[in-house]
Amino acid sequence: MIELYTAATPNGHKISIALEELGLDYRVHALDLAAKDQKRPEFLQINPNGRIPAIIDHDNDDFAVFESGAILIYLAEKTGKLLPNDIKGRTQVMQWLMFQMSGVGPMMGQANVFYRYFPKKIPEAIERYQNEGRRLFEVLNQQLAQHSFLAGENYSIADIATWPWVNIHEWSGVAIDGLPHLQRWLAQIAQRPAVQRGMQIPQPNVETPEEKAARICHMVTR
(Lines give C-alpha, C1' and ligand atoms only; values in the text may rest on other atoms or scores of the structure.)
Protein backbone atom coordinates (compact mmCIF):
# COMPACT_ATOMS: atom_id res chain seq x y z
CA MET A 1 0.00 0.00 0.00
CA ILE A 2 1.20 3.48 -0.93
CA GLU A 3 0.19 6.60 0.94
CA LEU A 4 -0.20 9.55 -1.44
CA TYR A 5 0.00 13.07 -0.06
CA THR A 6 -1.33 15.37 -2.73
CA ALA A 7 -3.48 18.29 -3.87
CA ALA A 8 -5.25 19.22 -7.09
CA THR A 9 -2.26 20.67 -8.96
CA PRO A 10 -0.41 19.47 -12.05
CA ASN A 11 2.36 18.10 -9.86
CA GLY A 12 -0.11 16.21 -7.74
CA HIS A 13 -1.93 14.86 -10.77
CA LYS A 14 1.29 13.43 -12.17
CA ILE A 15 1.41 10.92 -9.34
CA SER A 16 -2.27 10.04 -9.13
CA ILE A 17 -2.24 9.39 -12.89
CA ALA A 18 0.88 7.22 -12.58
CA LEU A 19 -0.61 5.22 -9.71
CA GLU A 20 -3.76 4.63 -11.74
CA GLU A 21 -1.79 3.68 -14.86
CA LEU A 22 0.33 1.23 -12.85
CA GLY A 23 -2.62 -0.26 -11.00
CA LEU A 24 -1.02 0.17 -7.58
CA ASP A 25 -3.02 0.21 -4.36
CA TYR A 26 -2.87 3.59 -2.69
CA ARG A 27 -4.58 5.74 -0.11
CA VAL A 28 -5.06 9.47 -0.67
CA HIS A 29 -4.27 12.20 1.84
CA ALA A 30 -5.53 15.50 0.40
CA LEU A 31 -3.55 18.41 1.79
CA ASP A 32 -5.15 21.82 2.14
CA LEU A 33 -2.49 24.12 0.74
CA ALA A 34 -4.34 27.26 1.82
CA ALA A 35 -4.27 25.99 5.40
CA LYS A 36 -0.56 25.18 4.95
CA ASP A 37 -0.97 21.48 5.69
CA GLN A 38 2.21 20.98 3.67
CA LYS A 39 4.16 22.97 6.28
CA ARG A 40 3.01 20.97 9.30
CA PRO A 41 5.74 19.11 11.21
CA GLU A 42 4.27 15.68 10.45
CA PHE A 43 4.39 16.32 6.71
CA LEU A 44 7.85 17.89 6.87
CA GLN A 45 9.08 14.53 8.17
CA ILE A 46 8.05 13.10 4.79
CA ASN A 47 9.18 16.02 2.65
CA PRO A 48 11.49 18.51 4.37
CA ASN A 49 10.79 20.99 1.56
CA GLY A 50 7.12 21.18 2.47
CA ARG A 51 5.69 20.57 -1.00
CA ILE A 52 3.31 18.09 -2.52
CA PRO A 53 3.31 15.43 -3.84
CA ALA A 54 4.97 12.86 -1.62
CA ILE A 55 4.46 9.16 -1.04
CA ILE A 56 5.19 6.53 1.58
CA ASP A 57 5.59 2.98 0.31
CA HIS A 58 4.59 0.61 3.10
CA ASP A 59 5.65 -2.36 0.98
CA ASN A 60 9.24 -1.09 1.07
CA ASP A 61 9.93 -0.45 4.76
CA ASP A 62 7.75 2.69 4.83
CA PHE A 63 10.06 4.36 2.34
CA ALA A 64 9.21 8.02 1.74
CA VAL A 65 9.78 9.72 -1.62
CA PHE A 66 9.26 13.38 -2.48
CA GLU A 67 9.69 15.46 -5.67
CA SER A 68 7.30 14.46 -8.45
CA GLY A 69 10.00 13.39 -10.91
CA ALA A 70 11.71 11.20 -8.32
CA ILE A 71 8.37 9.63 -7.40
CA LEU A 72 7.61 8.83 -11.05
CA ILE A 73 11.00 7.16 -11.48
CA TYR A 74 10.57 5.23 -8.24
CA LEU A 75 7.14 3.93 -9.22
CA ALA A 76 8.29 3.00 -12.72
CA GLU A 77 11.28 1.11 -11.37
CA LYS A 78 9.17 -0.54 -8.69
CA THR A 79 6.77 -1.96 -11.27
CA GLY A 80 9.02 -2.30 -14.31
CA LYS A 81 6.57 -0.24 -16.37
CA LEU A 82 6.52 3.12 -18.16
CA LEU A 83 10.34 3.28 -18.23
CA PRO A 84 12.48 1.16 -20.61
CA ASN A 85 15.26 -1.04 -19.26
CA ASP A 86 17.74 -0.42 -22.08
CA ILE A 87 20.05 2.54 -21.58
CA LYS A 88 19.07 4.38 -24.77
CA GLY A 89 15.35 3.99 -24.20
CA ARG A 90 15.69 4.92 -20.55
CA THR A 91 17.72 8.01 -21.38
CA GLN A 92 15.15 9.12 -23.95
CA VAL A 93 12.50 9.06 -21.25
CA MET A 94 14.76 10.70 -18.69
CA GLN A 95 15.72 13.62 -20.90
CA TRP A 96 12.08 14.48 -21.65
CA LEU A 97 11.19 14.04 -17.99
CA MET A 98 13.99 16.48 -17.09
CA PHE A 99 12.75 18.82 -19.85
CA GLN A 100 9.45 18.98 -18.02
CA MET A 101 10.97 19.30 -14.57
CA SER A 102 13.39 22.07 -15.49
CA GLY A 103 11.38 23.87 -18.16
CA VAL A 104 7.70 23.22 -18.77
CA GLY A 105 6.66 23.05 -15.11
CA PRO A 106 8.52 26.09 -13.79
CA MET A 107 7.69 28.30 -16.79
CA MET A 108 4.00 27.39 -16.79
CA GLY A 109 3.90 27.87 -13.04
CA GLN A 110 5.32 31.36 -13.34
CA ALA A 111 2.92 32.14 -16.20
CA ASN A 112 0.05 31.10 -13.93
CA VAL A 113 1.13 33.36 -11.11
CA PHE A 114 1.86 36.50 -13.12
CA TYR A 115 -1.11 36.07 -15.48
CA ARG A 116 -3.71 35.14 -12.86
CA TYR A 117 -2.70 35.89 -9.30
CA PHE A 118 0.12 38.37 -8.87
CA PRO A 119 -1.41 41.43 -7.15
CA LYS A 120 0.09 43.80 -9.70
CA LYS A 121 -0.06 43.09 -13.44
CA ILE A 122 3.47 43.25 -14.84
CA PRO A 123 3.15 42.96 -18.64
CA GLU A 124 6.85 42.24 -19.12
CA ALA A 125 6.73 39.29 -16.70
CA ILE A 126 3.51 37.92 -18.18
CA GLU A 127 4.89 38.16 -21.69
CA ARG A 128 8.22 36.61 -20.71
CA TYR A 129 6.73 33.49 -19.14
CA GLN A 130 3.93 33.02 -21.65
CA ASN A 131 6.41 33.33 -24.51
CA GLU A 132 8.76 30.84 -22.90
CA GLY A 133 5.87 28.46 -22.28
CA ARG A 134 4.91 28.73 -25.95
CA ARG A 135 8.49 28.13 -27.04
CA LEU A 136 8.66 24.97 -24.95
CA PHE A 137 5.35 23.82 -26.43
CA GLU A 138 6.85 24.29 -29.89
CA VAL A 139 9.74 22.02 -28.90
CA LEU A 140 7.24 19.40 -27.74
CA ASN A 141 5.27 19.79 -30.96
CA GLN A 142 8.39 19.21 -33.05
CA GLN A 143 9.20 16.04 -31.12
CA LEU A 144 5.63 14.78 -31.40
CA ALA A 145 5.67 15.38 -35.15
CA GLN A 146 8.11 12.49 -35.37
CA HIS A 147 6.88 10.24 -32.55
CA SER A 148 3.61 9.11 -30.98
CA PHE A 149 4.82 10.05 -27.51
CA LEU A 150 7.55 12.25 -26.09
CA ALA A 151 10.22 9.56 -25.75
CA GLY A 152 9.30 7.58 -28.84
CA GLU A 153 6.50 5.21 -29.71
CA ASN A 154 5.70 4.13 -26.16
CA TYR A 155 3.80 6.02 -23.48
CA SER A 156 6.03 6.72 -20.50
CA ILE A 157 6.48 8.70 -17.31
CA ALA A 158 7.72 11.58 -19.49
CA ASP A 159 4.23 11.92 -20.94
CA ILE A 160 2.62 11.57 -17.52
CA ALA A 161 4.85 14.33 -16.12
CA THR A 162 4.25 16.75 -18.99
CA TRP A 163 0.59 16.29 -19.84
CA PRO A 164 -0.93 17.89 -16.69
CA TRP A 165 1.07 21.06 -17.30
CA VAL A 166 0.16 21.33 -20.99
CA ASN A 167 -3.44 20.58 -20.05
CA ILE A 168 -3.70 23.90 -18.16
CA HIS A 169 -2.42 25.98 -21.08
CA GLU A 170 -5.60 28.07 -21.29
CA TRP A 171 -5.43 28.95 -17.60
CA SER A 172 -1.84 30.08 -18.11
CA GLY A 173 -2.72 32.11 -21.19
CA VAL A 174 -0.44 30.04 -23.44
CA ALA A 175 -1.97 29.21 -26.82
CA ILE A 176 -1.53 25.89 -28.59
CA ASP A 177 -2.88 27.15 -31.93
CA GLY A 178 -0.77 25.96 -34.84
CA LEU A 179 0.68 23.06 -32.85
CA PRO A 180 -1.26 20.10 -34.32
CA HIS A 181 1.00 17.36 -33.01
CA LEU A 182 0.85 18.71 -29.48
CA GLN A 183 -2.93 19.00 -29.78
CA ARG A 184 -3.15 15.38 -30.99
CA TRP A 185 -1.03 14.16 -28.07
CA LEU A 186 -2.98 16.23 -25.55
CA ALA A 187 -6.32 14.82 -26.74
CA GLN A 188 -4.99 11.27 -27.05
CA ILE A 189 -3.75 11.13 -23.47
CA ALA A 190 -6.92 12.79 -22.17
CA GLN A 191 -8.86 9.76 -23.43
CA ARG A 192 -6.92 7.28 -21.30
CA PRO A 193 -9.16 5.95 -18.49
CA ALA A 194 -6.32 6.02 -15.96
CA VAL A 195 -5.65 9.68 -16.77
CA GLN A 196 -9.31 10.51 -16.32
CA ARG A 197 -9.37 8.74 -12.97
CA GLY A 198 -6.10 10.30 -11.83
CA MET A 199 -7.36 13.79 -12.62
CA GLN A 200 -10.15 13.26 -10.08
CA ILE A 201 -7.63 12.64 -7.28
CA PRO A 202 -8.12 14.24 -4.84
CA GLN A 203 -11.84 14.66 -5.30
CA PRO A 204 -12.66 18.12 -6.65
CA ASN A 205 -14.28 20.50 -4.24
CA VAL A 206 -15.46 24.09 -4.25
CA GLU A 207 -12.55 26.40 -3.51
CA THR A 208 -12.64 29.84 -2.04
CA PRO A 209 -10.66 32.48 -3.96
CA GLU A 210 -8.00 32.35 -1.24
CA GLU A 211 -7.69 28.56 -1.54
CA LYS A 212 -7.42 28.75 -5.31
CA ALA A 213 -4.75 31.44 -5.10
CA ALA A 214 -2.72 29.34 -2.67
CA ARG A 215 -3.04 26.28 -4.88
CA ILE A 216 -1.99 28.05 -8.07
CA CYS A 217 0.91 29.79 -6.36
CA HIS A 218 2.08 26.34 -5.30
CA MET A 219 2.24 25.42 -9.00
CA VAL A 220 5.28 27.62 -9.37
CA THR A 221 7.36 24.78 -7.93
CA ARG A 222 8.05 21.96 -10.30
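Biologist: Which strands does helix α1 lie across?

Modeller: Keep in mind that this is a predicted model. Helix α1, residues 10-22, lies across β1, β2 and β3. Its direction is at about 155° to that of β1.

Biologist: And what does α3 touch?

Modeller: Helix α3 packs on the sheet too, with contacts to β1, β3 and β4. Against β4, its direction makes about 135°.

Biologist: How do I read the order of the strands in the sheet?

Modeller: Go from neighbour to neighbour across the sheet, not along the chain. Here the order is β2-β1-β3-β4, in an open sheet of 4 strands with mixed pairing. The edges are β2 (26-30) and β4; each has a single partner strand, so one side of each has no neighbour in the sheet. On average, neighbouring strands are turned by 20° against each other, direction ignored.

Biologist: How many bridges join β1 to β3, and how do the two strands run?

Modeller: There are 4 bridges between β1 (residues 2-6) and β3 (residues 54-57), and the strands run antiparallel. To see one of them, find E3: its bridge partner in β3 is I56.

Biologist: Now the rings. How many aromatic pairs are there?

Modeller: The count is 7 aromatic pairs. Take F63 and Y74 as one of them: the ring centres are 5.6 Å apart and the planes stand at 45°. Planes under 30 degrees apart would be stacked and over 60 edge-to-face, so this pair is tilted.

Biologist: Which parts does that pair tie together?

Modeller: F63 is in strand β4 (residues 63-66) and Y74 is in helix α3 (residues 68-79), so the pair links parts 11 residues apart in sequence.

Biologist: Are those two residues buried or exposed?

Modeller: Y74 is buried, at 16% relative accessible area, while F63 is partly exposed at 40%.

Biologist: What about F114 and F118, how are their rings arranged?

Modeller: Their centres are 4.9 Å apart and their planes at 40°, so this pair is tilted. F114 is buried at 14% relative accessibility, and F118 is partly exposed at 32%. Together with Y129, F114 and F118 form one aromatic cluster.

Biologist: Rings can sit beside charges as well. Which ring does the charged end of R116 sit over?

Modeller: For R116 it's the ring of W171, with the charged end 3.9 Å from the ring centre. Look at R192 as well: it lies over the face of Y155, 3.7 Å from the ring centre.

Methods
Residues are numbered from 1 along each chain as its sequence is written. This is a predicted model: local features need pLDDT of at least 70, side-chain atom pairs count only at pLDDT 80 or more; totals for chains, interfaces and linings use all residues. Side-chain values use heavy atoms; hydrogens and water are left out. Rings of Phe, Tyr and Trp (its six-membered ring) pair if their centres lie within 6.5 Å; planes under 30 degrees apart count as stacked, over 60 as edge-to-face and the rest as tilted. Buried means under 20% relative accessible area, exposed over 50%, partly exposed in between (1.4 Å probe, protein chains only). A charge sits over a ring if NZ of Lys or CZ of Arg is within 6 Å of the ring centre and within 35 degrees of the ring normal. Two strands pair if DSSP finds at least two bridges between them. Axes are lines fitted to C-alpha atoms, for helices over the stretch in contact, and angles run from 0 to 180 degrees between N-to-C directions. Contact means heavy atoms within 4.5 Å.
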